[in-house]
Amino acid sequence: MRKSALLFFLTGAAALVYQTVWARWLTRVLGSDAGGTAVVLATFMGGMALGAALFGPRVRRSARPVRLFAGIELALGLWAALTPWWLTHLPAVDGLAARALASAALLLVPTVLMGVTFPLMGRLTIAGPGDVARETAGFYAANTLGAACGALLGALVFMPRFGLTGAVLLAAGLDVLAAAAAPWLLRAAPLPPPADAGAAPQRFPWLGEPLLAATLLLGASALALEVLLTRLLVSVTGASVYAFAIVLAVFLGGIALGSHSLRSVPAGTERRAFLRAALAVPLAVLAGLALLAWQLGERDLFSGLANRMPSGASVGRLWIAHAFFAALALSGPAWAFGRALPAAVAAAAQARPGVPRESVLSAVYAANTLGALLGALVAAFVLLPNLGLRGALAVTLCVPWLAALPALRGAGFRPRDLALPGLALVAAGYVLWPAPRADAARLVSSVHGAHASVSVEENGAGADLVRSLRVNGKVVATTAPVDLRLQRLLAQIPALLHGEVTSGLVIGMGTGMTAGALLDIPSLETLEVIEIEAELIEGGARHFGAWNGALLDDPRTRVHVGDGRHRLARDARRFDLITADPIHPWTRGSSDLYALEHFSAIEAHLTPGGVASQWLPLYQLSAADVRTVVATWCAAFAETSAWLSAYDLVLVGARAPLRSLDELAQGAVPEAMARSLAQAGVHSAPELVALCVADDAALRAFAGETAAMREDRPVLEFRAPLSFLAGYSTEALAWAGRPDFVAALPGSARLPARRAREALARFLAALPQGLSRAAEAYGAELLALPPAGASLLEGSPKARD
């Protein structure tokens, strides 16, 4: 192995950390919806393709390529180190188009420099025509292996410990280190003399070389398959930041191994190696999926998979399992893609002996990167929403065969090469053909959007019917009574504390039950709902119409597709009530919806007497995680309180004091709201007040000295998955059920409060005997508690001790 491989490894690691963090920042500026994601992809991959195409051929003219390499890495590190400051000022630019242009301009320099690096690595390592395949395979393998390690390093170490800014600065340090070490590590590298400045080397025929079309198509299939197979895998592994990092690292590692394997290919056979790699991709994908299905015990991978993320498993064991699942699905095709790129470079160089090697490297890399950009965009925004995961995969698997066609000439095609497509067709009949579900759940709906795969399932029948919403393999809401209780309380507690809600905003559609509960407010005039995944609206919430009050058909409802956080930041309107039921905190990217900046934006969009609420799960977070969210909520709102539904907190925040608990305990409730609350097991105003577990002083005391979470240090995103693995958390639940707060409640609410806390205590005591049985008994007890006080329709008597 050359010493230069260490440098290329470092630059690859730094590049992946940059891309991960910059993508996170840019989605905040541009939005995480389809448009924002497309701009981010175009900025990164388009910049690299542009750099390779425009400036790559010029590296041959450099008389001091080592110094050029060091200068590029130093400039890249310094520019990257300044991006945290620049990116924090981008939100101030007015207009989405202006912000998109500003973002592209900001990252154009570093992405172009990354693109130039590929042909420059060839300039530094390739001594003669016979070395093209071997050396390209070597530096591409080292650089991609570095990227695989960068994916893990960024997610497992840099971002959790040092935040987003710290991660970029550390990655910049890797580039600076590479620049400093270049004169020593590249001293022994073969450096061919630069071309004579007076000579006019042949230009690479961009439109006349079939291998460029083949490389573009194969690049498109590579990123399209990564998008599709990652969507499938996170349904199994869960959508945590660690799961995504592991899947990406496995894919990049497979590419590195495939590229390294090409070093042993005999000279002159590279075109055939490219052909066989392209023909092998579909079979490798289908064979891997067949093994994955066997390992999971599933006959059909496309009819709604469930997360395999068992609570209580060790972190190391779970990550190994995730890597194993990813390797089954991705390592085969990744290996083929890794062989194909250096093979294409060598074959194109042989086909165009008069063209400088740097020009060949630039053209092939630019075509591959442009194809990757197109493949990712088409897969995410065209194929998945229109064909679903099964159909999108079937179409994408045909693309590598199309890529093989331009490579046929001169590749020594043999009839036995048809065995690869033939076997793939047989495997496709087994892997892609629908099969009956093995479990008892009935699939009501299954849709795939640009951001998530959504399915609706149901179990039971009649009065025992329970319908579930599953997003990326995880059940996020059901119509089970305890779950329904949470969804309705999340809307109706703040509504009753406000007293006269005329306008409401719900961030996150889900089943629509929270938004639907607001429709029971007689004074409500307008209800805005923001949902980032368009397919979830008709493919998810529409199937919960019996439980969400036909939300989508109510004339007061207006549904907007987009990034709720981003839309809120750009909308000047104010609302009487804003409620948020976001995805679980351990999901990648979800920490932004629990950060101080977002909570402050919610507070700023409240009317003077407005109120906000936020869902907070207690059972899958550690006490430290819960304190972090509570401290952040308290930092954003002047008046706060917390209410316990069963296992979850409803955080309430406002600018000014709301109705007192005494007033709420004595007040009447509109008829529709009363019926809705009765279905959730709340039959009187005192029972509703009994759910309060902390007023403002108690909630701030619980948070203590815990720091509020800010966007630059999204600690919850990295801690929450580990908290889930630690098992069912009881500390925060025990705090919520502490009996001493009962004395702070109105007299009429104390009896139901004591009953609810006693039920919680019995649940916590029963946990060692089994979670499912304890949860079932607890939920049944909550819903069957004897009524206390007058009916909600009548109001309750005055509070008395």
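Helix α5 bends by about 125 degrees at F162. The model is predicted. The helix covers residues 132-185, 54 in total. Its end C-alpha atoms are only 20 Å apart, whereas a straight helix at 1.5 Å a residue would reach 80 Å.

**Cores**

Helix α5 also matters for the count of core residues. The largest nonpolar core holds 144 residues. The largest share of this core, 19 residues, comes from α5. Which residues touch the most other members? They are Y18, W22, F274, L289, L292, L301 and L393.

Take Y18 from that list. Neighbours within four places in sequence are left aside here. Y18 is then in contact with L76, G77, A80 and M114. The same residue also contacts V168, A171, A172 and D175.

A second core is separate and has 116 residues. Among its members are V456, L490, L519 and W633. In soluble globular proteins, nonpolar side chains tend to be buried together.

T215 offers another view of the packing around F274. T215 lies in helix α6, residues 210-237. Its relative accessibility is 3%, so T215 counts as buried. Beyond the neighbours within four places in sequence, T215 is in contact with F274, L341, A344, V364 and N368.

**Helix α23**

Is helix α23 largely enclosed or largely open? Helix α23 spans residues 715-725, and eight of its eleven residues are buried, so the rest of the structure largely encloses it. The buried residues are L716, E717, F718, A720, P721, S723, F724 and L725. They pack against five helices, listed here by name: α1 (4-30), α5, α7 (241-261), α9 (315-351) and α18 (623-636).

**The open sheet**

Eight strands form an open sheet with mixed pairing. The order is β7-β6-β5-β8-β9-β11-β10-β12. Which strands sit at the edges? They are β7 (557-561) and β12 (692-694), each paired on one side only. Neighbouring strands of the sheet are turned by 20 degrees against each other on average, direction ignored.

Inside the sheet, β9 (residues 606-617) pairs with β11 (residues 648-654). The sense is antiparallel, over seven bridges. One bridge partnership links W615 to V650 in β11.

A helix crosses this region. Helix α22, residues 696-703, lies across β10 (639-644), β11 and β12. The helix runs at about 85 degrees to β10.

**Two positive phi angles**

Most residues other than glycine have a negative phi. Two non-glycine residues go the other way here: N472 and A550. The table sets out their angles, places and accessibility.

| Residue | Phi | Loop between | Relative accessible area |
|---|---|---|---|
| N472 | about 50 degrees | β3 (466-471) and β4 (474-478) | 12%, buried |
| A550 | about 55 degrees | α15 (534-539) and β7 | 34%, partly exposed |

Burial is where the labels of the two part. N472 has a relative accessible area of 12%, so it is buried. A550, with 34%, is partly exposed. The loop that holds A550 leads from α15 to β7, and β7 is an edge strand of the open sheet.

Key:
Residues are numbered from 1 along each chain as its sequence is written. This is a predicted model: local features need pLDDT of at least 70, side-chain atom pairs count only at pLDDT 80 or more; totals for chains, interfaces and linings use all residues. Side-chain values use heavy atoms; hydrogens and water are left out. Two strands pair if DSSP finds at least two bridges between them. Helices (H or I, at least four residues) and strands (E, at least two) are DSSP runs, numbered from the N terminus. Axes are lines fitted to C-alpha atoms, for helices over the stretch in contact, and angles run from 0 to 180 degrees between N-to-C directions. Contact means heavy atoms within 4.5 Å. The expected span of a helix is 1.5 Å times one less than its number of residues. The bend at a residue is the angle between axes fitted to the seven residues ending there and the seven starting there. A nonpolar core is a set of buried Ala, Val, Leu, Ile, Met, Phe, Trp, Tyr and Cys residues joined through side-chain atoms within 4.5 Å. Buried means under 20% relative accessible area, exposed over 50%, partly exposed in between (1.4 Å probe, protein chains only).
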